[in-house]
Amino acid sequence: PAPNPNDPNRIPLQGQAPIATLGVHRIVPAPVSVTADSGAPFTVTRATTIVVPAANADAERVGHMLAALLRPSTGFPITVSAAGGAVPNGSVVLRLDGAADLGAEGYTVQVAADSVRLTASNPAGLFYAVQTLRQLLPAAVESELSGNFRPAAWSVPAGRITDRPRFAWRGAMLDVARHFFTVDEVKQLVDILALYKLNTLHLHLTDDQGWRIQIRRRPRLTQVGGSSEVGGGPGGFYTQADYADIVRYAQDRFVTVVPEIDMPAHIHSAIVAYPELGCGRQIPDTSLNAPIQGLYVGTRVGFSALCYDKKSTYDFVDDVVRELAAMTPGPFLHLGGDEVAVLNHAQYAYFVERVQEIVRRHGKRMVGWDEIGQAKLLPGTIAQMWRMDTTMAAVKQGAKLVMSPAANAYLDMKYTPATETGLRWAAFVELRNAYDWDPVTRFPHVTESDVLGVEGPLWSETVMNITAAEYLIMPRLPALAEVAWTPQSSRDWESFRQRIAGHATRWRYLGINFFPSPQVPWE
Ligand code: TNX
């Protein structure tokens with residue numbers, strides 16, 4: 001049906017004013033270089049077409065995603081055609097240029113009255129160019145107004161942007177073990193990652209309270225271990241087909257999924273399924289609320305561990321790693337390694353070295369929480385920093401770091417004492433704390449080349465669904481995205497809080513919940 005502009009129930013047309021000059025753009029993360037020019041703006045019209053490189057499926061897909069963004073909001077047909085013929089006036093042109101020296105993920109955006117030109121060396125860069133263009137358009141581009149919007153307003157100011165990321169690993173972690181999140185909820189998170197040019201989704205798939213990924217050789221892991229969660233709810237798990245669906249959805253958005261199976265601790269759910277893995281250790285509190293006898297529904301950490309000295313343990317790890325590696329197109333498998341209270345130092349190091357070898361044998365690079373620095377690490381192993389002491393032991397061995405310091409990057413920390421959801425053991429993490437730190441200089445003895453990137457972990461002991469998750473990650477995840485993407489010399493808190501203010505309108509259109517931090521002059 002034709003949209004009725006007088007319909008009182010339609011979404012109010014907020015944020016419709018196009019930006020006047022690139023000098024006042026709202027792009028998050030801030031690009032490396034933005035140059036406004038005095039030419040007339042580009043305006044999206046009924047005649048706008050998108051031109052994509054011929055014979056590159058990924059670049060074509062990026063063009064179609066841009067069309068799918070523009071169609072519902074503008075109500076225009078927005079056709080996509082392959083490069084070859086003459087480029088019609090008013091086109092958005094996506095171009096791959098290997099010689100452009102923009103790096104694996106860099107891009108340029110050139111806006112003039114007659115065209116927008118997006119150039120990158122790789123399809124990922126084109127995807128990020130599209131995210132930048134998206135943020136240059138009025139916020140209502142996120143809406144489904146279908147023509148209810150003043151057409152002349154779809155304009156983008158003239159100028160040029162050149163951009164590339166500071167770090168290669170720009171991630172978020174979702175703990176689906178303490179509370180389960182559905183495939184659709186995970187996809188909603190991937191959409192947020194994509195908007196902010198994040199490229200890594202770390203899924204914390206297992207913990208004491210639940211095992212969330214189907215392993216065919218060990219069916220009880222999900223049948224038994226997947227059947228509960230913190231508080232005694234029904235839990236859930238991903239079949240391998242579900243998981244492939246997530247991986248494909250993420251891949252289409254240039255997001256690499258890094259699956260984590262946490263061990264040797266945080267493993268009680270597997271021990272309930274296969275008791276021989278556990279050496280008969282007692283768990284600390286009763287499981288009266290658990291639907292299956294012995295499952296743990298509380299939130300203590302550190303009490304469980306695999307038997308480090310039994311062949312059956314390593315057969316189990318091999319079964320899990322084999323299937324996980326086969327399900328994972330990305331290069332990394334995260335094997336946890338955190339908070340082991342019941343093994344001594346030598347036992348822990350022995351365990352980590354053996355599982356590291358199993359991961360290598362299945363063709364993947366191991367990632368572990370920073371405690372793995374206590375073991376002898378293979379070249380290429382990555383340590384995810386959450387505390388500093390054991391991190392240095394990993395750096396000294398040449399391990400690259402993913403920086404997740406809890407007082408800045410933990411997305412499960414409360415913003416203030418008044419925040420209802422979240423924990424508080426590390427700090428209250430208001431938006432400025434999430435933004436104002438440099439992953440390289442925050443700690444002594446770490447250099448730029450030690451740091452592979454930045455990740456914000458969302459642990460879910462208190463987080464029951466995606467709405468609550470969004471409240472904790474927004475606006476802190478966009479702040480971490482800028483920490484990970486933008487050169488330190490171009491970062492500025494005052495600028496960030498002004499730019500992010502304009503994003504709330506986008507989030508309302510997209511149905512994304514957020515914490516209206518008093519540190520931001522929200523629109
Ligand atoms: C520490 S950080 C943990 C998790 C908890 C989290 C809660 C880390 C490697 N382990 O098991 O969920 O704190 O903030």
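**Exercise 1. Domains and their contact**

Task: Determine how far apart the centres of domain 1 and domain 2 lie, and describe which residues of domain 1 form the side that touches domain 2.

Solution: In this predicted model, the centres of domain 1 and domain 2, taken over C-alpha atoms, are separated by 35 Å. To place the two parts along the protein chain, note that domain 1 covers 22-163 and domain 2 covers 169-490. The next step is to go from the centres to the contact itself, where nine residues of domain 1 are in contact with 13 residues of domain 2. On the side of domain 1, the largest share comes from helix H2 (residues 123-136), which supplies four residues. Sorted by character, the residues on this side of domain 1 divide into seven nonpolar, one polar and one charged.

**Exercise 2. The open sheet and the helices across it**

Task: Work out the order of the seven strands in the open sheet, state which strands stand at the edges, and find which strands H1 and H2 lie across.

Solution: Begin with the order, which reads S1-S9-S6-S7-S5-S3-S4, with mixed pairing. S1 and strand S4 (79-82) each have a single partner strand and stand at the edges, so one side of each is left without a neighbour in the sheet. From one strand to the next, the twist averages 10 degrees.

Within this order, consider the pair formed by strand S5 (residues 91-96) and strand S7 (residues 115-120), which run parallel and are joined by six bridges; Ser91 stands opposite Ser115 in S7.

Now add the helices. Helix H1 (residues 57-74) lies across strand S3 (49-52), S4 and S5, and runs at about 170 degrees to S3. H2 lies across S5, strand S6 (107-112), S7 and strand S9 (159-163), running at about 145 degrees to S7. H2 thus appears twice in this picture, since it also gives four residues to the side of domain 1 that touches domain 2.

**Exercise 3. The barrel**

Task: Identify the strands that close into a barrel and their pairing, then find the bridge partner of Ala383 in S18.

Solution: Eight strands close into the barrel, in the order S10-S11-S14-S15-S16-S17-S18-S19, and the pairing is parallel. Neighbouring strands of this sheet are turned by 30 degrees against each other on average, with direction ignored. For the second part, take strand S17 (residues 382-385) and strand S18 (residues 400-403), which run parallel and are joined by four bridges; the partner of Ala383 in S18 is Leu401.

**Exercise 4. A helix pair**

Task: Describe how H7 and H8 pack, giving the angle and the separation of their axes, the handedness of the crossing and the residues that meet.

Solution: Helix H7 (residues 311-327) packs against helix H8 (residues 345-361) at an angle of about 35 degrees, and their axes are 10 Å apart. The crossing in which H7 passes H8 is right-handed. Turning to the residues, Tyr314, Val317, Asp318 and Val321 in H7 meet Arg354, Val355, Ile358 and Val359 in H8. The contact of H7 with H8 therefore counts six nonpolar, no polar and two charged residues, given that Tyr is placed among the nonpolar and Asp and Arg among the charged.

**Exercise 5. Unusual backbone geometry**

Task: Locate the cis peptide bonds at Pro29 and Pro264, and the residue in the loop between S14 and H6 that has a positive phi without being a glycine.

Solution: A cis peptide bond joins Val28 and Pro29, with omega about -5 degrees, and Pro29 is found in the segment before strand S1 (33-36). The bond from Met263 to Pro264 is also cis, with omega near 0 degrees, and Pro264 is placed in the loop between strand S14 (256-263) and helix H6 (268-273). His266 lies in the loop between S14 and H6, and has a positive phi of about 50 degrees although it is not a glycine.

**Exercise 6. Confidence**

Task: State the mean pLDDT of the protein chain and which elements have the lowest and highest mean values.

Solution: The mean pLDDT of the protein chain is 93, and 94% of its residues reach 70 or more. Among the elements, helix H9 (residues 389-396) has the lowest mean, 90, and strand S11 (residues 200-204) the highest, 99. Over residues 1-12, pLDDT stays under 50, and the model has nine contacts beyond four places in sequence for them. For the complex, the predictor gives an ipTM of 0.93 and a pTM of 0.95.

Conventions. Residues numbered from 1 in each chain as written. Predicted model: local features only at pLDDT ≥ 70, side-chain atom pairs only at ≥ 80, totals over all residues. Pairing = 2+ DSSP bridges. Helix = DSSP H or I, 4+ residues; strand = E, 2+ residues; numbered from the N terminus. Axes fitted to C-alpha atoms, helices over the stretch in contact; angles between N-to-C directions. Left-handed = near helix turned anticlockwise from the far one by under 90°. Contact = placed C-beta atoms within 7 Å. pLDDT = per-residue confidence, 0-100. Domains from an automatic or database assignment.
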